[in-house]
Every structure is written in structure tokens, then in C-alpha cells.
Amino acid sequence: LRQALETDLRDEALALDVQLPATDAADQERQEWRETRIWCPFCGKGRLLLRIGTSAEEVTFQCAHGCTPGGGVIMGRCSVEVVQSGLTSAKSLLSRQALLLGDRYQQATAVRECQCPRCGALLAVQVWTPENAPFMENTSHGIYLLCSICGADDSASLWHLALDTLAAQRFWRRHPRMQALPIQPISYEGQPALLTGFTSYDGGAQVKVISNLNTLATLHIVSTDAGGK
């Protein structure tokens, strides 16, 4: 899988006139970031970089513009289902992983617990806010999952939770270059909520995601995109 992905990415880079070094064992050991044609869905200003790690699951995407916390990492540690799916396109891998995470995070925010993907134990979901998670300064809300049995951990900002919805993935396919909307506190059906989502880079279309303030569970999604559902 790693070889197929690097070949696919090298072809993309060459099409963009990006000069890449020769592929050899030493080059693979350095685990270099490679540029893809995919625009970062959060800032829309930089392309996504892809790195294939030493194990099959270490497929990590990062924004070249560095717009997100944690060094700009968009997604890492692809699930076994994605790795074994036979997909070789960088965008296909990213989309499949986003939808799988969307299902997991939907359960996590709805019932406040989910199954650890490593050992199968139930783990609790912690919701971060601007007050209790200063390490995520660029995104003021999100969830954090930590397994007390095996130590596996995961986190997702509210932007990430919105991106992993089916509606946002469809919007991204129609608008390959988009950017995240600012997170805003609102009231929805009489309860405190948060509004975010994505807008096409030209500003002509939007998909808005309304989430519960306390759990970050998705409450409603609306699109102003004429081509959307």
C-alpha cells in the first residue's frame, strides 16, 4: 500500500512540476512529507501533505499552510478498514477515513462513550472548551478520547467533527477548494449550540453544521449549495 500511495503521489507532484528526490530505502526511512493536489479543507490556502509511516496505519495528512493545531495535522493513523480497502488515491483514502471517523464520533458525541479501536474497551469522551484545552488554540471546541486500558488516544476539533459528516464530504467533492467557517455560539430550538461548517473558497456556497454546545453532537445541517442535498 505504501509503495502504491507514494507512486500515486509522485505522479501528482510531477504533474504540478514539483521536483521530488529519487525513491530509495533511505528516502522511505526519512518518511518525508509529499505534496498532494488536495486543498486543505480548513483554510483553503495550502495543499495537503501526505506522509506514509513505517507501519501501514501511519497514513498522515498535514496542511502545508500549518493552519490547524498540532503542526497542521489533518488526519493520521488510518484505520485497518481503510488500509485494507485497496484504495491508493490520496483523496479516496482521506474521504473513506473521514466517513469512518464520522460514524465513530457521532456515537461518541451522542452517548458520550465509544469503543477503543485498539483494544475494544469502552472509553469515555471528554469535551474540551476554550477554558480547558489551551493546546487547541485554533479551534475552541472539540472532543478528546483516552483509553484507560491500552492508552490509545484520539481527538477531534469541532471543525473535524463537521468535516466528517456525510453532508460536508459531499460539499467538499463539489467544492474541492473550501475553508471552515468560524465557530459561533448560537441558540437552536431553545438550547445553546455552536455553528460552524464550510464555505466554498469563492464564497458562493456554504454548508452549515449546528452542534450541541455541551456534547458537540450534530443537531442540524443546512446547505446553501444549489447542487447539494
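Colleague: Which element gives the most residues to the lining of the second largest pocket?

Modeller: This is a predicted model, in which local features need pLDDT of at least 70 and side-chain atom pairs count only at pLDDT 80 or more, while totals for chains, interfaces and linings use all residues. Residues are numbered from 1 along each chain as its sequence is written, and side-chain values use heavy atoms, with hydrogens and water left out. A pocket is an open set of points on a 1 Å grid over the protein atoms alone where a 1.4 Å probe fits, with protein on both sides within 12 Å along at least five of seven lines, and lining residues have an atom within 4 Å of a point. With 6 residues, the largest contribution to this lining comes from α4.

Colleague: How is the lining of the second largest pocket divided by class?

Modeller: Asp, Glu, Lys and Arg count as charged, Ala, Val, Leu, Ile, Met, Phe, Trp, Tyr, Cys and Pro as nonpolar, and the others, Gly among them, as polar. On that basis the lining holds 7 nonpolar, 5 polar and 2 charged residues.

Colleague: Is D154 buried or exposed?

Modeller: D154 belongs to strand β8, residues 153-157, a strand being a DSSP run of E with at least two residues, numbered from the N terminus. Its side chain makes a polar contact of 2.6 Å with that of Y105, where such a contact is a pair of N or O atoms within 3.5 Å, one able to donate a hydrogen and the other to accept it. Because its relative accessibility is 15%, and buried means under 20% with a 1.4 Å probe and protein chains only, D154 counts as buried.

How values were computed:
Helix = DSSP H or I, 4+ residues; strand = E, 2+ residues; numbered from the N terminus. Buried < 20%, exposed > 50% of the residue type's maximum accessible area, 1.4 Å probe, protein only.
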